[in-house]
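Q: Please take me on a close look at one part of this model, a loop and the helices around it, and then show me how the neighbouring pieces fit in. I work at the bench, so explain each term when it comes up.

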Amino acid sequence: MKKYFELIAPCHFGMEAVLKREILDLGYEISHVEDGRVTFLGDDEAVCRANVFLRTAERVLLKAGSFQAESFEELFQNTKNIRWEELIPQDGKFWVAKASSIKSKLFSPSDIQRIMKKAMVERMKQAYGIQTFPETGSSYPLRVFLYKDQVTVGIDTSGDSLHKRGYRTLSSKAPITETLAAALILLTPWKKDRILVDPFCGSGTFLIEAAMMAANMAPGMNRSFLAESWSNLIPLKCWYEAIDEANDLVNMDIQADIQGYDLDGEVVKAARSNAEAAGVEKLIHFQQRPLSALSHPKKYGFLITNPPYGERIEEKENLPGLYREIGERFRALDGWSAYIITAYEDAEKYIGRKADKNRKIYNGMIKTYYYQFLGPKPPDRKRGQQ
């Protein structure tokens with residue numbers, strides 16, 4: 001018999017619309033969208049498919065409950081009222097792994113964690129008729145969000161964050177996460193039949209995520225998830241079926257023009273190794289090449305990149321020249337679009353063009369800007385064939 005849940009998918013702030021579209025494409029109903037989270041409805045299969053297929057979610061949480069709490073007594077009683085025995089088995093290992101509080105009267109994460117754990121124990125003592133819990137079974141870590149005194153409680157089904165696809169064993173400095181890279185690509189009109197170049201490829205994350213999209217490769221098909229051991233909630237066959245579905249959809253028999261360059265040969269070697277680990281090395285051309293050599297004979301391509309933005313003081317003096325060169329090389333490309341994420345606030349000034357769109361994004365704790373320089377659309381091929 002299928003079980004039905006409310007599921008919460010956290011994401012990067014500002015990427016909620018991208019994640020919402022992904023969830024709808026998977027066939028699930030959205031129940032709520034708020035800053036940094038999308039909540040949707042689904043069955044036990046949805047838990048597995050969301051973990052395997054969502055490119056922009058940070059993790060998938062099974063919603064255990066939500067309630068108002070302005071005091072620790074209310075937090076305790078409302079937590080105790082949740083039917084934990086229907087979610088966590090007698091030998092389950094349970095704890096509040098993370099608590100965050102914004103604009104709420106309760107703001108101490110450690111106190112929130114301690115009181116909620118105590119409330120869960122009290123509830124489960126009564127439900128199971130025992131005084132102590134062995135906690136030798138599967139893990140059920142909780143993530144708790146407080147916003148304006150509204151408490152939302154979710155059990156983490158993912159384990160490691162979903163940005164850990166399993167392919168990036170080697171990182172360059174200032175890497176961009178896989179989930180953010182995927183979201184930034186999905187904000188562009190790039191498709192697999194269009195050229196994509198990253199002249200500052202670093203770990204290769206943009207290129208690998210694009211290649212996985214081009215090959216219809218699910219981001220979570222080569223990793224494991226915490227909830228695979230939850231035999232009380234999700235049958236193991238649901239995980240097998242989700243992976244089988246992902247394998248059936250992969251198509252490596254495609255032509256793609258995806259290129260990555262970097263000045264550092266060791267960085268290029270690491271990016272190539274990451275692409276091999278992801279299984280998409282045949283779809284990406286990596287090369288040690290300076291920005292000054294950036295060129296392409298074809299029209300209507302895309303630059304999508306995360307260039308240096310002067311994390312170290314001694315690098316800042318080089319930024320005007322670097323971004324001026326980015327602008328010069330971009331203008332030399334015929335009919336291209338450029339999508340650049342950077343913390344450098346004078347980027348437009350030295351690129352020499354005001355961005356058509358600009359979106360503020362937090363990359364970790366760093367405030368960055370996603371500058372979008374839109375090129376012309378290519379002619380409609382179908383119309384030309386008529």
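A: Helices here are DSSP runs of H or I with at least four residues, strands are runs of E with at least two, and both are numbered from the N terminus. With that in hand, start at asparagine 222, which sits in the loop that joins α6 (205-214) to α7 (236-249). The model is a predicted one, so local features need pLDDT of at least 70 and side-chain atom pairs count only at pLDDT 80 or more, while totals for chains, interfaces and linings use all residues. Residues are numbered from 1 along each chain as its sequence is written, and side-chain values use heavy atoms, with hydrogens and water left out.

Asparagine 222 is exposed because its relative accessible area is 56%. On this scale, buried means under 20% relative accessible area, exposed means over 50%, and partly exposed covers what lies in between (1.4 Å probe, protein chains only). The C-alpha atom of asparagine 222 is 14 Å from that of leucine 249, a residue 27 places away along the chain.

The loop between α6 and α7 also holds asparagine 216. This residue follows α6 and has a positive phi, near 55 degrees. Most residues other than glycine have a negative phi. Asparagine 216 counts as partly exposed because its relative accessible area is 39%. Helix α6 itself is mostly covered, with 10 of its 10 residues buried. Among the buried residues of α6 are Thr205, Phe206, Leu207 and Ile208, along with Met212, Met213 and Ala214.

On the other side of the loop is α7, and its partner here is α2. The axes of α2 (residues 44-53) and α7 come within 9 Å and cross at roughly 40 degrees. Axes are lines fitted to C-alpha atoms, for helices over the stretch in contact, and angles run from 0 to 180 degrees between N-to-C directions. The two helices are therefore oblique to each other; angles under 35 degrees count as roughly parallel, over 145 as roughly antiparallel, 65 to 115 as roughly perpendicular, and the rest as oblique. The crossing of α2 with α7 is right-handed, that is, the near helix is turned clockwise from the far one by less than a right angle, whereas an anticlockwise turn would make it left-handed.

On the α2 side, the residues that meet α7 include Val47, Cys48, Val52 and Phe53; on the α7 side they include Trp239, Ala242, Ile243 and Leu249. Contact means heavy atoms within 4.5 Å. The residues of this contact divide into 10 nonpolar, 1 polar and 5 charged. Ala, Val, Leu, Ile, Met, Phe, Trp, Tyr, Cys and Pro count as nonpolar, Asp, Glu, Lys and Arg as charged, and the others, Gly among them, as polar.

Helix α2 is mostly covered too, as 9 of its 10 residues are buried. Its buried residues pack against β1 (4-10), α1 (16-26), β3 (37-43) and α7. Where α2 starts, a side-chain oxygen of aspartate 43 comes to within 3.1 Å of the backbone nitrogen of glutamate 45. A polar contact is a pair of N or O atoms within 3.5 Å; within protein, one must be able to donate a hydrogen and the other to accept it, and residues adjacent in sequence count only if both atoms are side-chain atoms.

Now for a link back to α6. Threonine 177 lies in the loop between β7 (150-156) and α5 (178-186), and it is buried, with a relative accessible area of 19%. A polar atom of the threonine 177 side chain lies 3.2 Å from the backbone nitrogen of leucine 180. Beyond its neighbours within four places in sequence, threonine 177 touches His12, His163, Arg168 and Thr205.

There is also a loop to visit beside β1, one of the elements that α2 packs against. Cysteine 11 is in the loop between β1 and α1 and counts as buried because its relative accessibility is 8%. The C-alpha atoms of cysteine 11 and arginine 37 are 5.8 Å apart, although 26 residues separate them along the chain. Setting aside neighbours within four places in sequence, cysteine 11 is in contact with Glu16, Leu19, Gly36, Arg37, Thr56 and Glu58.
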